[in-house]
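Here are my notes on the two-chain model you sent over, set out as numbered points. I hope they help as you look through it.

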Amino acid sequence: MYAFLIRRLVHSLVVLFVMSVVIYGLMGLMPGDPVDLMISADPDITSEDAARLRAIYGLDQPLWSRYANWLGAALTGDFGYSRLYAQPVWQAIWPALTNTLVLLVSSLALALAIALPAGIFAATRPYSLADYGINFAAFAGISMPPFWLGILLILVFAVMLGWLPAGGTAASAGVSGLWEQLQFLILPVASLTIAGVGGHTRYMRASMIETLRQDYIRTARAKGLSESRVVLGHALRNAMIPVVTVIALDLGVLFSGALITETVFAYPGMGKLIFDAIMGNDYNLALVGLLMATALTLIGNLLADVAYAGLDPRISYEELDQ
Amino acid sequence: MSAPAITITGSPGRAVLARFMKHRLAVASAIVLCLLVSLSLLAPLIEHLLGLDAEAVDLFARYAPPSAAHPLGTDELGRDLLLRLLYGGQVSLFVGLTATIVAAVIGTTIGLCSGYAGGRIDAFVMRVTDGVIALPVLPLLIVLAAVDLNKLGLPDELLGSGNVSLYRIVAIVALVGWTTVARLVRASTLSLKTRPFVLAARAQGAGAFRIMLRHILPNLASPIIVATTLSVGNVILLESVLSFLGLGIQPPLPSWGNLLTGAQETIWEAPGLAFYPGLLIFITVIAFNFIGDGLQDALDPRSRDSRTAARN
């Protein structure tokens, strides 16, 4: 198992390295460079000054040597300075990362709390009215444009009813207290939950239906166990295996959803930070933010593999490696 | 070589159609979608009939409520919302379909070659595919969308045309959208290439290219069609998100996504502006998803049968 873990970790690090090269290269293709930004801020600058500045910052060097410099500094823990936040990159990222994790964890927990029972309920009554209803609702959730959902929630709960704030955080609104802070979380969490719950429900339903066809379920029924005992005691654990894998593999999708939700609700998380950094030509911050997001999804993938083999004793880590 | 007895249920095509017609939501979706497509394509005619100009700016009629002259009201520049929606539909549907087809072609090619080649090439290609699937797609697409095309050295005439954002978004979405089809095609190719009919073709001296195109690909049609239909909705969602963020289709070219860009700020004055474009995206995406679901039932009856078996 350790050999498997180490090999997967190395694989993840290779992906991360490749991504850093690709993203760095793409940043070089974005309009303007840091000196252009300084020029636009100071009309008196001469072209000689600009050339001197470019030499100071190493911008006259070819892309690969700039990347080598960045990587060398990054490996010693120096990720540079954020232009937008006027702080070292790490100091700008930490609070955003915490905010995003709060958002991701609470909406994932809520989505699963709804999706798993709904999926099981539908699977135990296939092609009933309830099954069709749940299936329809799941399709609707999957097909909802996530930003539009956010806007609709704002329209109903902030504009028409006035119950909840339209966006931001308690800190930005200058209020404190637990309830006030929670109020700012309700709409973003609801938005992200609705976006994810449909997919999980469909996975759960499909997996449970497949499991209920197995022979050991017939055996369990034959020995006279109650239906709830069969479903929850015998089928559920096996049906959960593919679902757990899919949840971990979907972390990248979840993060993309968080970016949209955070942007719509002006919620200061990683997604909004990355978006603002790219839009504001904050190269250092965008690069590290994107790599953090990539690392997060790679960790999710690793967890999926570990969980897959851990939950299903029929699968060995060696087999997974093939 | 079809035995006459099989023709009792009609041709395979008709059997598929008959199974598809049983999926009532899919049929309803197909009708709705046809309606949306025709309305979008007929936008110039509707423009003429209403006696309006889709691009006419009227600053004295900003955010006008629905009226006889403007059935859905007007936007922040006094343009007719209905017409903007219809022209936006042309763009969003075009991007959704084109990008999906391009992605499907890329995915089929990669999956077919990888699966047929096997061995180390296959292992490497699949590792790359897994890597792409694992990535947080949206942030990366935002970087791609922010790339300055002038620095890529593309010809000026292409960059000068107003449609450059259209081509760019098709390219970007296709670049990340090929993975599902690639994995599907690769897995099926792996099993198909060991079947007797492929071995027979090889024994007759058919080259790898011919075997892949003439013998393996036709057998993959059903899964590719289902996966492609199911991904149209995702592509339309992706386009709308990028356009909403200001990185996809660039105004004045309308798309359902970029019609919503300013909607959040004007939500107090004109909630309709925030409502209708999203509703059309929602209807289109859910329709494609239901049609995909129906096609799956129709083209792969085994999955349907096994699902029915689960009833007992």
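A residue is called buried here if 20 or more other C-beta atoms lie within 10 Å of its own C-beta atom. Please keep in mind throughout that this is a predicted model.

1. Let me start with a covered helix in chain B. Helix H6 of chain B spans residues 137-146, and seven of its ten residues are buried. The buried ones are B:Val137, B:Leu138, B:Pro139, B:Leu140, B:Leu141, B:Ile142 and B:Val143. What covers them? The cover of the buried residues of H6(B) comes from both chains: it includes H1, H12, H13 and H14 of chain A, along with helix H8 (164-177) and helix H12 (221-244) of chain B.

2. That leads on to the interface. In total, 39 residues of chain A are in contact with 40 residues of chain B. On the chain A side, at least two residues each come from helix H1 (2-28), helix H6 (129-143), helix H7 (146-160), helix H9 (178-212), helix H12 (251-264), helix H13 (270-279) and helix H14 (283-311). Which of them gives the most? H12(A) does, with seven residues. Sorted by class, the side of chain A that touches chain B holds 31 nonpolar, seven polar and one charged residues.

3. Now the chains themselves. Chain A has 15 helices and two strands, while chain B has 14 helices and zero strands. Buried residues account for 37% of the 322 residues of chain A, and for 40% of the 312 residues of chain B. Along its principal axes, the C-alpha atoms of chain A fill a box of roughly 90 × 55 × 35 Å.

4. A word on contact range. Taking contacts in chain A with a separation of 6 or more, 70% are between residues 24 or more positions apart. In chain B, 71% of the contacts between residues at least 6 apart in sequence join residues at least 24 apart.

5. The largest nonpolar core has 141 residues, and the members that touch the most others are A:Trp148, A:Ile151, A:Ile274, A:Ala286, B:Val173 and B:Val241. B:Val173 is a good one to click on: setting aside residues up to four places away in sequence, B:Val173 touches B:Ala99, B:Ala103, B:Val235, B:Leu238 and B:Glu239.

6. Next, some helix pairs in chain A, beginning with H1(A) and helix H4 of chain A (residues 63-75). Their axes are 11 Å apart and the packing angle is about 125°. H1(A) is therefore oblique to H4(A), and the crossing is right-handed. H1(A) contributes A:Val21, A:Tyr24, A:Gly25 and A:Gly28 to the contact, and H4(A) contributes A:Leu63, A:Tyr67 and A:Trp70. By class, these are five nonpolar, two polar and no charged residues.

7. How do H7(A) and H9(A) cross? Their axes come within 10 Å and cross at roughly 140°, so the two helices are oblique to each other. The crossing is right-handed. From H7(A), the contact uses A:Pro146, A:Leu149, A:Gly150, A:Leu153, A:Ile154 and A:Phe157; from H9(A), it uses A:Leu187, A:Ala190, A:Ser191, A:Ile194 and A:Ala195. This contact has nine nonpolar, two polar and no charged residues.

8. A further pair is helix H10 (residues 215-222) and helix H11 (residues 227-249) of chain A, with axes that come within 10 Å and cross at roughly 145°. This crossing, too, is right-handed. A:Tyr216, A:Ile217, A:Ala220 and A:Arg221 of H10(A) meet A:Val230, A:His234 and A:Ala235 of H11(A). The classes here are five nonpolar, one polar and one charged.

9. Finally, a single residue: B:Thr180, which lies in helix H9 of chain B (residues 179-192). Why does B:Thr180 count as partly exposed? B:Thr180 has 19 other C-beta atoms within 10 Å, so B:Thr180 is partly exposed, given that a buried residue needs 20 or more. Apart from neighbours within four places in sequence, B:Thr180 is in contact with B:Gly107, B:Ala227 and B:Ser231. B:Thr180 also lies 9.6 Å from B:Ile224, C-alpha to C-alpha, with their positions 44 residues apart in sequence counted as separation.

Definitions and conventions
Residues are numbered from 1 along each chain as its sequence is written. Chains are lettered from A and ligands numbered from 1 in the order in which they are written. This is a predicted model: local features need pLDDT of at least 70, side-chain atom pairs count only at pLDDT 80 or more; totals for chains, interfaces and linings use all residues. A nonpolar core is a set of buried Ala, Val, Leu, Ile, Met, Phe, Trp, Tyr and Cys residues joined through C-beta atoms within 7 Å. A residue is buried if 20 or more other C-beta atoms lie within 10 Å of its own, exposed if 12 or fewer, and partly exposed in between; C-beta atoms are placed from the backbone. Two residues are in contact if their C-beta atoms, placed from the backbone, lie within 7 Å. Helices (H or I, at least four residues) and strands (E, at least two) are DSSP runs, numbered from the N terminus. Ala, Val, Leu, Ile, Met, Phe, Trp, Tyr, Cys and Pro count as nonpolar, Asp, Glu, Lys and Arg as charged, and the others, Gly among them, as polar. Axes are lines fitted to C-alpha atoms, for helices over the stretch in contact, and angles run from 0 to 180 degrees between N-to-C directions. Angles under 35 degrees count as roughly parallel, over 145 as roughly antiparallel, 65 to 115 as roughly perpendicular and the rest as oblique. A crossing is left-handed if the near helix is turned anticlockwise from the far one by less than a right angle, and right-handed if clockwise.
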